[in-house]
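These are my notebook entries on one protein structure. I set down what I looked up, entry by entry.

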Amino acid sequence: MAEAGARLILAFDFGTRRIGVAVGNELLGSARELPPLPARDGIPDWAEVARLVDEWRPDLFVVGLPLNMDDSESVMSTRARKFGKRLYGRFGVPCEMVDERGSTREAKAIAREVGHGGNYRKESVDGIAAVLILEGWFARAEGLPPR
């Protein structure tokens with residue numbers, strides 16, 4: 001396992017139909033989108049998650065935590081936390097939850113800027129949201145204000 005500052009990180013934007021995925025390098029502070037994982041009621045194909053873990057060998061998982069604007073937790077927050085606990089339980093890789101408020105809205109805005117047609121079911125922005133979640137985590141780790 002790499003030491004803090006040099007870790008490879010897999011980030012997830014939890015959803016009930018799709019889970020966005022991004023991979024990033026803590027040393028470079030950069031992240032890139034990976035194909036989203038299909039999910040059934042929030043449950044991914046764990047064999048596909050295992051394939052990602054085998055391919056990338058992450059030192060840390062980061063999972064977006066969908067908090068309400070008043071900082072309270074929602075049903076989706078509870079489900080995202082459960083997903084993070086399952087990641088840790090299955091793969092033994094530490095998992096950190098990170099406030100993801102606004103990431104989907106920002107991901108849609110970014111997608112529109114590059115010509116997205118607006119059908120988010122057909123062309124998901126979940127991977128972009130996962131990148132934003134990870135970039136937000138990098139910024140907080142560096143002591144920068146959240147985006």
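Entry 1. Which residues does Leu8 touch, not counting residues up to four places away in sequence? I listed Val23, Gly24, Trp56, Arg57, Pro58, Asp59 and Leu60, where contact means heavy atoms within 4.5 Å. I found Leu8 in strand S1. I then looked up one partner, Trp56, which is 48 residues from Leu8 in sequence but 7.8 Å away in space, C-alpha to C-alpha.

Entry 2. I noted the basis of my values before going on. The model is predicted, so local features need pLDDT of at least 70 and side-chain atom pairs count only at pLDDT 80 or more, while totals for chains, interfaces and linings use all residues. Residues are numbered from 1 along each chain as its sequence is written, and side-chain values use heavy atoms, with hydrogens and water left out.

Entry 3. I looked up the overall plan. The protein has 4 helices and 6 strands; these are DSSP runs, helices being H or I of at least four residues and strands E of at least two, numbered from the N terminus. Along the sequence I read the pattern β-β-β-β-α-β-α-β-α-α. Of the 147 residues, 41% are buried, where buried means under 20% relative accessible area, exposed over 50%, and partly exposed in between (1.4 Å probe, protein chains only). Among contacts between residues at least 6 apart in sequence, 62% join residues at least 24 apart.

Entry 4. In what order do the strands of the sheet stand? I read S4-S3-S2-S1-S5-S6, an open sheet of 6 strands with mixed pairing. Two strands pair if DSSP finds at least two bridges between them. The edge strands are S4 (43-44) and S6 (95-99), and each pairs on one side only. As a general point, I noted that strands of a sheet pair through backbone hydrogen bonds, either parallel or antiparallel.

Entry 5. I followed strand S2 and its two partners. S1 and S2 run antiparallel and are joined by 6 bridges; they form a hairpin with 4 residues between them. S2 (residues 18-25) also pairs with S3 (residues 30-40) in the antiparallel sense, over 7 bridges. That second hairpin likewise has 4 residues between its strands, and Gly29 in the turn has a positive phi of about 65 degrees.

Entry 6. I looked up single bridge partners. Gly24 of S2 is the bridge partner of Ile9, and Gly24 also stands opposite Ala31 in S3. Val21 has Leu34 in S3 as its bridge partner. Is S2 mostly covered or mostly uncovered? I found S2 mostly covered, with 6 of its 8 residues buried.

Entry 7. I turned to the helices that lie across the sheet. H2 (residues 75-91) lies across S1 (8-13), S2, S4, S5 (60-65) and S6, running at about 170 degrees to S5. Axes are lines fitted to C-alpha atoms, for helices over the stretch in contact, and angles run from 0 to 180 degrees between N-to-C directions. H4 (residues 126-141) lies across S1, S2, S3, S5 and S6, at about 40 degrees to S2. Of the 16 residues in H4, 13 are buried.

Entry 8. I chose Ala80, which lies in H2. Ala80 counts as buried because its relative accessibility is 0%. Beyond residues up to four places away in sequence, Ala80 touches Phe14, Val63, Gly64, Pro66 and Met97. The C-alpha atoms of Ala80 and Leu65, 15 residues apart along the chain, are separated by 6.2 Å.

Entry 9. How do H1 and H2 pack? H1 (residues 46-56) meets H2 at an angle of about 65 degrees, with the axes 12 Å apart. The contact is made by Trp46, Val49, Ala50 and Val53 of H1 and by Phe83, Arg86, Leu87, Arg90 and Phe91 of H2.

Entry 10. I ended with two loop residues. Arg57, in the loop between H1 and S5, has a positive phi of about 50 degrees although it is not a glycine. Arg57 counts as exposed because its relative accessibility is 59%. Asp71, in the loop between S5 and H2, is a residue other than glycine with a positive phi, near 75 degrees.
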